[in-house]
Amino acid sequence: MLDLKLIRDNPEKFKTGLAAKRSNIDLGALLELDVQRRHLVVKIDELKAQKNTANDDISRLIKEKQDPKPTIASMKTIAAEIDVLEPNVKALDDQIQSFLLGIPNIPHDSVPKGGMDANQVVANWGDKPVFDFKPKTHVEIAENLDIIDFKRGTKLSGSNFILFKDGGARLERALYNFMLDLHTTQHGFREMSPPVVVNAASMTATGQLPKMKDDMYRVEGDDLYLIPTAEVPVTNIHRDEMLNEEELPLYYTAYTTCFRREAGSYGKDTRGLVRIHQFDKVELVKFVRPETSYQELESLLSNACRVFQLLKIPYRVLMLASGDLSFAAAKCYDIEVYSAGMDKWLEASSCSNFEDFQARRGNISYKGKDGKKKGFVHTLNGSGVALPRTMVAILENYQTPNGDVIIPEVLRSYMGGLERITRR
């Protein structure tokens, strides 16, 4: 959530930022509500001062044995007017809060302006594999090896749900164990294992609600949601808490299953692992001091890239342009892996700095050694990394002419020394 006072003091800056993010939010309407509220608050404060004065006068008149009835009548009139006005302030508070919850974060100054075509490739790593045969897609490879059953996944749950089998299931387990070990032993993250269902307050704090309600799976009757990413429960660990400055930064990682309806994406990449409703992901979340958050973003990006370097998967890093940023992000890097069978780049990780946007929504602040609140923390989040497209890249880039898949060396100890996946 944006700071209303900052919007009030710098309206043009925020209008420019929202325009860069392709948002048509009318800040003028918000500021008009703010003016109305502040006018009412001043009026109520004046009336309360008059009521206090009248109350003092009544005490004095009684003490002096004079008739207090006219003053009492006047005080009752003032009190009645206050009773009328205070609900109006509450109504305006609710309108302003609702308005603020619908406003996206504005881009950082370093973010390029424009839509997807303005995204900038800022790094490349690794060489695309060269084959002396026509590489197959991961769908063909998985079906030939019988390690992913797309048809039975659909039978069990519907389209875009997947059943991993044998070497596929084992490879998936090896991947998330490898990632958790990497981030906890080499990158300084603390491992968490959070719930995969959360309440509406948690989804609101990280920015999924109300904006992206249609993309979420909701548990009817309980007002609970299946998480779209572990970012939601992990960030909310400290919702409504004031952290100590000396304990910052805090680094958390978590492996969870994630659920996305992809309500606006039907018809896109419906075959295979590229766009599915249930998938596994290792998440990285940081709580940091504001002045360090952009250094922390670069470090977060490096942590995620290290996964692909160790897997020896070619990747590139994109700095997203303002119009391609998510609702809550001020700046974001996407890491795209190369898939040889489809000959395309696939997003497998996003690393974002939300600044204090989520922390304001979730009331996550921090205090100094003197115990006084210093402000809101900055939160960052990155996929460390998502498994489905990483699996695509492994299957397609490590395929052999006879249809087997070589297992990346860094994963072999997680697969009992197995060097390749073959058909059983």
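## Exercises on a predicted model

Of the contacts (heavy atoms within 4.5 Å) in the protein between residues at least 6 apart in sequence, 74% join residues at least 24 apart. This is a predicted model, in which local features need pLDDT of at least 70 and side-chain atom pairs count only at pLDDT 80 or more, while totals for chains, interfaces and linings use all residues. Residues are numbered from 1 along each chain as its sequence is written, and side-chain values use heavy atoms, with hydrogens and water left out.

**Exercise 1.** Determine how the radius of gyration of the protein stands to the globule rule.

*Solution.* Begin with the secondary structure, which comprises 12 helices and 18 strands (DSSP runs, H or I of at least four residues and E of at least two). The radius of gyration, taken over C-alpha atoms, is 27 Å, whereas the globule rule (2.2 Å times the number of residues to the power 0.38) gives 22 Å for 424 residues, so the protein is more spread out than a compact globule. Finally, the C-alpha trace spans about 105 × 45 × 40 Å along its principal axes.

**Exercise 2.** Describe the largest nonpolar core and the surroundings of Ile394.

*Solution.* A nonpolar core is a set of buried (under 20% relative accessible area, 1.4 Å probe, protein chains only) Ala, Val, Leu, Ile, Met, Phe, Trp, Tyr and Cys residues joined through side-chain atoms within 4.5 Å. The largest has 58 residues, and Leu171, Ile394 and Leu395 have the most contacts inside it. Ile394 touches residues including Leu171, Leu175, Leu311 and Pro408, not counting residues up to four places away in sequence. Apart from this largest core lies another, of 34 residues, among them Ile7 and Leu318.

Methods: Buried means under 20% relative accessible area, exposed over 50%, partly exposed in between (1.4 Å probe, protein chains only).
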